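Here is a short tour for anyone who likes to know a protein residue by residue before picking up a pipette. Have the sequence and the 3D view open side by side as you read.

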Amino acid sequence: MSIGKIAVLGSGTMGSGIAQVAALSGYEVLLIDVDQKFIDRALANIGKALQKSVEKGKLTTEDKEQILGRMKGSISYEDCKDVDLVIEAILENMDLKKQVYQKLDENCPSHAILASNTSSLSITEMAAATKRADKVVGMHFFNPAAVMKLVEIIPGLDTSDETVSAIEEVAKKMNKVPVYAKESPGFIVNRILVPMINEAVIALGEGIGTVEEIDTAMKLGAGMPMGPLALADMVGIDIVLAVAEVFHKEFADSKYRPALLLRQMVRAGHLGVKTGRGFYKYQK
Ligand code: 3HC
């Protein structure tokens, strides 16, 4: 099937990054959120990111205008009536996701694919909230979505081969490298990355090193482009905790127990870059 118009649900860090990549790749994009002010903020940030590319000579001003011209915002699911694909990037809460998938199922045309950017939740469970389980699939991008080359593709129990091939084609058109992962909490990257970040937070809590020492050690000793604590701040400490909690619950194995310090930071509202304070301080 041919995909021309994509709705991106959720205009947070991942949703707006995915919307930017989709519009840059030539797709018509509808960015949906619950409040117009979130959409306006996301579109303004995308405009700024594209302007930087113009200044670096990677895009012309005309390219930028065309990309922005392909993007529209909406606060209504009813506007999904002519989309071919929805990429959902809302909060990591299964009850909320199920309600949203039900609404998408009612409002999207019957051929439309519903793809989730979930970090760790079950695609099969979201699919079961719809009458089109064959057209529900995981399409997992990485932060910053405009830069990171990987897209994990995760078929649920009833996802059709046709859906999977269509998503692979979209990922490639977005200039990403698709990798298939079996449905299991965290798929491939987060299954390995999040326990590593959690261990870095445990090491910090035990005083094995300071924030800077741990990050420098992992950058210079393990070749990471940024240290695990800076990465936690960029991804969002609430997201890291949410994924760690899914692992702890689903695998019922104490090796996945989230660090107490992660919980404390979330309780304090220190969620990383987005709140101006995490393991480091940021100017908002
Ligand atoms: N948004 C858009 N573009 C960005 C960006 C952002 N947030 N951050 C950096 N860039 C761009 C820069 O503009 C620059 O572009 P250019 O080559 O056209 O000039 C390019 O990326 C390189 O940036 P910098 O030179 O400023 O910095 P670095 O070379 O240090 O790269 C980084 C920054 C790409 C963020 C790099 O540090 C990195 O790869 N970090 C690891 C990121 C990572 O692991 N992400 C996965 C997180 S897990 C996840 O997302 C899953 C989820 O489910 C939890």
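The report below goes through cysteines, salt bridges, backbone details, surface patches and one contact between separate parts of the chain.

Please keep in mind that this is a predicted model.

## The cysteines

Many bench questions begin with the cysteines, so to speak. How many disulfides does the structure hold? The count is 0. As a reminder, a disulfide is a covalent bond that links the sulfur atoms of two cysteines.

Two cysteines deserve a look here. For Cys80, the closest cysteine sulfur belongs to Cys108, and the distance of 4.4 Å is too far for a bond. The relation holds from the other side too: the closest cysteine sulfur to that of Cys108 is in Cys80, again at 4.4 Å. The cut-off for a disulfide is a sulfur pair within 2.5 Å, so a separation of 4.4 Å between Cys80 and Cys108 does not qualify.

Are these two residues buried or exposed? Cys80 is buried, as its relative accessibility is 0%. Cys108 is buried as well, with a relative accessible area of 7%.

## Salt bridges

The model has 11 salt bridges. Three of them are set out here, each with its distance between N and O atoms.

| Acidic partner | Basic partner | N to O distance |
|---|---|---|
| Asp35 | Lys37 | 3.5 Å |
| Asp134 | Lys135 | 3.3 Å |
| Asp238 | Lys274 | 2.8 Å |

What does the pair of Asp238 and Lys274 tie together? Asp238 belongs to helix H10 (residues 237-251), while Lys274 sits in the segment after helix H11 (260-268), so their salt bridge ties together parts that are 36 residues apart in sequence. Both partners are partly exposed: Asp238 has a relative accessibility of 25%, and Lys274 has one of 43%. Elsewhere, salt bridges with shared partners bring Glu88, Glu92 and Lys97 into one network.

The other two pairs in the table can be placed by their accessibility too. Asp35 counts as partly exposed because its relative accessibility is 29%, whereas its partner Lys37 is exposed at 53%. Asp134, the partner of Lys135, is partly exposed with a relative accessible area of 31%.

## Backbone details

Some backbone features are easy to miss on a quick look. Which two residues are joined by a cis peptide bond? They are Asn143 and Pro144, with omega at about 0°. Pro144 is placed in the loop that runs between strand E6 (136-140) and strand E7 (150-155).

Positive phi values also turn up in residues other than glycine. One of these is Asn175, where phi is near 65°. Asn175 is in the loop between helix H6 (161-173) and strand E8 (177-180), and its relative accessible area of 54% makes this residue exposed. Another is Ala252, with phi near 45°. Ala252 is found in the loop between H10 and H11, and at 68% relative accessibility this alanine counts as exposed.

## Surface patches

Now for the outside of the model. Lys48, Lys52, Lys56 and Lys58 form a positive surface patch. Lys52, one of its members, is in helix H2 (residues 36-55) and counts as exposed because its relative accessibility is 56%.

A patch of another kind is nonpolar: Val177, Val179, Ile188 and Ile192 make it up on the surface, and together they have about 320 Å² of accessible area. Within that group, Val179 lies in strand E8. This valine is partly exposed, with a relative accessible area of 32%.

## A contact across the sequence

Finally, take Gln102. Its place is helix H4 (residues 94-107), and it counts as partly exposed at 43% relative accessibility. How many residues apart in sequence are Gln102 and Thr130? The answer is 28, while in space the two are 5.4 Å apart, C-alpha to C-alpha.

How values were computed. Residues numbered from 1 in each chain as written. Predicted model: local features only at pLDDT ≥ 70, side-chain atom pairs only at ≥ 80, totals over all residues. Heavy atoms only, no water. Patch = residues over 30% accessible without salt bridge, like charges linked within 9 Å, V, L, I, M, F, W, Y side chains within 5 Å. Areas by Shrake-Rupley, 256 points an atom, 1.4 Å probe, with all protein chains shown as cover. Salt bridge = Lys/Arg side-chain N within 4 Å of Asp/Glu carboxyl O. Lys, Arg positive; Asp, Glu negative; His and termini not counted. Charge placed at Lys NZ, Arg CZ, Asp CG, Glu CD. Helix = DSSP H or I, 4+ residues; strand = E, 2+ residues; numbered from the N terminus. Buried < 20%, exposed > 50% of the residue type's maximum accessible area, 1.4 Å probe, protein only.
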